[in-house]
Amino acid sequence: TSPVAFVGLKNRNLKVLYPERTFATADHNTPTINQHLPIKDRLSAIQVKTLEKNCNEHDIDFWGLGHKKNGIVHVIGPENGITQPGLTIVCGDSLTSTHGAFGAIAFGIGTSEVEMVFACQSIMQQKPMKMRINVNGKLNDHVTPKDVAIFIISKLSSSGATGYFVEYSGDVFEEMSMEGRMTVCNLSIEMGARGGMIAPDKKTFEYIKGREYAPKDEEWNKAINYWSSLKTDKGAIFDEEYNFKGEEIEPMITYGTNPGMGISITNGIPKADTIEGGEITYQKSLKYMGYSEGEKMIGKPVDFVFLGSCTNGRIEDFRAFAEIIKGRKKDPKVTAWLVPGSHKVLDSIKKEGILDKKFASLVNKKTCLEIAKKIDLEKYILTFNPKNKKIKVEDKVVADCCEALIGCLLYTSDAADDSLR
């Protein structure tokens, strides 16, 4: 999104107004290994080089390949303390809603809007409607934030929050770690929302404290006072409000061609006559996936497993993954990619020793855009990326979206049905 925006500035003879409030990283079009070598893909090489050139011309911090702060933009923002409560954060990527986990207003923008922000640090937006989603109670064992998000999307559909900004409220979100909250807010986009957010609290403040770009000394105390005030007023009226019980959520998995097609891992694929939105479209989706109504997902063969992305590429995800694969062997028929969201996450994996040698060799930096290029046709990939959509239009690569706890069981040889349940 940025090259055309920079060209627009040049044509208007403008500079970036506040380069110190602007950060750039190379993530989507970056190679998985040998990052010290020239990028082989010509288009990707041009894009990354152009970004570096434009950042140098406008005095913008650029965290390119090999930089210690390099990583997925929605991972490195929080881990470096850039993401803070009360800020308005925009980026040329739809999943910018991730940063709403800190009580920030965060959303993705297009190329012309990127140019507008570069030029004047302002943006014109239509005011979104307000939605609140309350989840109270206690989650069942092995139910994770990703499951909560897929559950909500399965209830609202992949377009159920279109035009809304969503606030997540209730016991379940208060109990979540910051990494978990980021996962939930990240997935707001997958139900059509403009963004998602969670009110900041002590967990938020503890996560931010001490990070490089966090306020220091007296400024920290001032920040805490302000951040503590960022709560929804009592009696606030929302355009739409939903209430769910934590106890009704089970480990989830998707089975179709959009994130709204999600079910509990123990349930069968729904019948067409129980689904809103058109039976013909539903049948086409199942045909594409190679599934049938009433089938169980447990026992389905898996060819590839991908753990990573801006949704599930944080250290917490790898800790959960490593805990369950401990003592198991990877099925030789399954190809697994473990993708840390940043160099800092990779460093933590190594420092904590959470993956033994036989699994450490799987750790890679494969990007979302590269997955389809690397997978043979007619194969099934189990992904923790939010996009379980058709990866290719003509050539079929099938993706099911789930949480790491399910994925690592499905890809190990001794994962019996009982283990999944």
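Here are some short exercises, each with a worked solution, on a predicted model of one protein chain.

**Exercise 1. Find out what the average pLDDT of the chain is, and where the pLDDT falls below 50.**

Start with the whole chain: its average pLDDT is 86, and 85% of the residues score at least 70. Next, look for weak stretches. Residues 389–397 have a pLDDT below 50, although the model gives this stretch 27 contacts beyond near neighbours in sequence. Residues 410–421 also lie below 50, with 33 such contacts in the model. Finally, keep a general caution in mind: where pLDDT is low, predicted coordinates should not be read in detail.

**Exercise 2. Work out which residues and elements build the largest nonpolar core.**

Begin with its size, which is 38 residues. The residues with the most contacts inside this core are I133, I152, Y168, F173 and M191. Then turn to the elements: those that give two or more residues include β5 (129–136), β6 and α6 (171–175). Helix α5 gives the most, with 7 residues.

Now zoom in on F173. Leaving aside neighbours within four places in sequence, F173 has contacts with several residues, among them I133, V148, I152 and Y168. To finish, note that there is a second, separate core of 19 residues, which includes Y255, I269, Y282 and Y288.

**Exercise 3. Decide whether E167 is buried or exposed, and look for a partner of opposite charge.**

First place the residue: E167 sits in strand β6, which spans residues 164–169. E167 is buried. For a salt bridge, the side-chain nitrogen and carboxyl oxygen must come within 4 Å. The nearest side chain of opposite charge belongs to R132, 4.9 Å away, and E167 has no salt bridge. Even so, R132 is one of the residues that E167 touches; others on that list are M131, I133, M197, T232 and F238.

**Exercise 4. Locate Q121 and S157, and describe their phi values.**

Take Q121 to begin with. Q121 lies in the loop between α4 (111–120) and β5, and its phi is near 55°, a positive value in a residue other than glycine. Its relative accessibility is 29%, so Q121 counts as partly exposed.

Move on to S157, in the loop between α5 and β6. S157 is not a glycine either, yet its phi is positive, at about 85°. With 30% relative accessibility, S157 is partly exposed.

**Exercise 5. State how many disulfides the structure has, and compare the settings of C120 and C185.**

A search of the whole structure finds 0 disulfides. C120 is partly exposed, at 37% relative accessibility, whereas C185 is buried, at 0%.

Methods: Residues are numbered from 1 along each chain as its sequence is written. This is a predicted model: local features need pLDDT of at least 70, side-chain atom pairs count only at pLDDT 80 or more; totals for chains, interfaces and linings use all residues. Side-chain values use heavy atoms; hydrogens and water are left out. A disulfide is a pair of cysteine sulfur atoms within 2.5 Å. Buried means under 20% relative accessible area, exposed over 50%, partly exposed in between (1.4 Å probe, protein chains only). pLDDT is the predictor's confidence in each residue, from 0 to 100. Contact means heavy atoms within 4.5 Å. Helices (H or I, at least four residues) and strands (E, at least two) are DSSP runs, numbered from the N terminus. Lys and Arg count as positive and Asp and Glu as negative; His and the chain ends are not counted. A nonpolar core is a set of buried Ala, Val, Leu, Ile, Met, Phe, Trp, Tyr and Cys residues joined through side-chain atoms within 4.5 Å.
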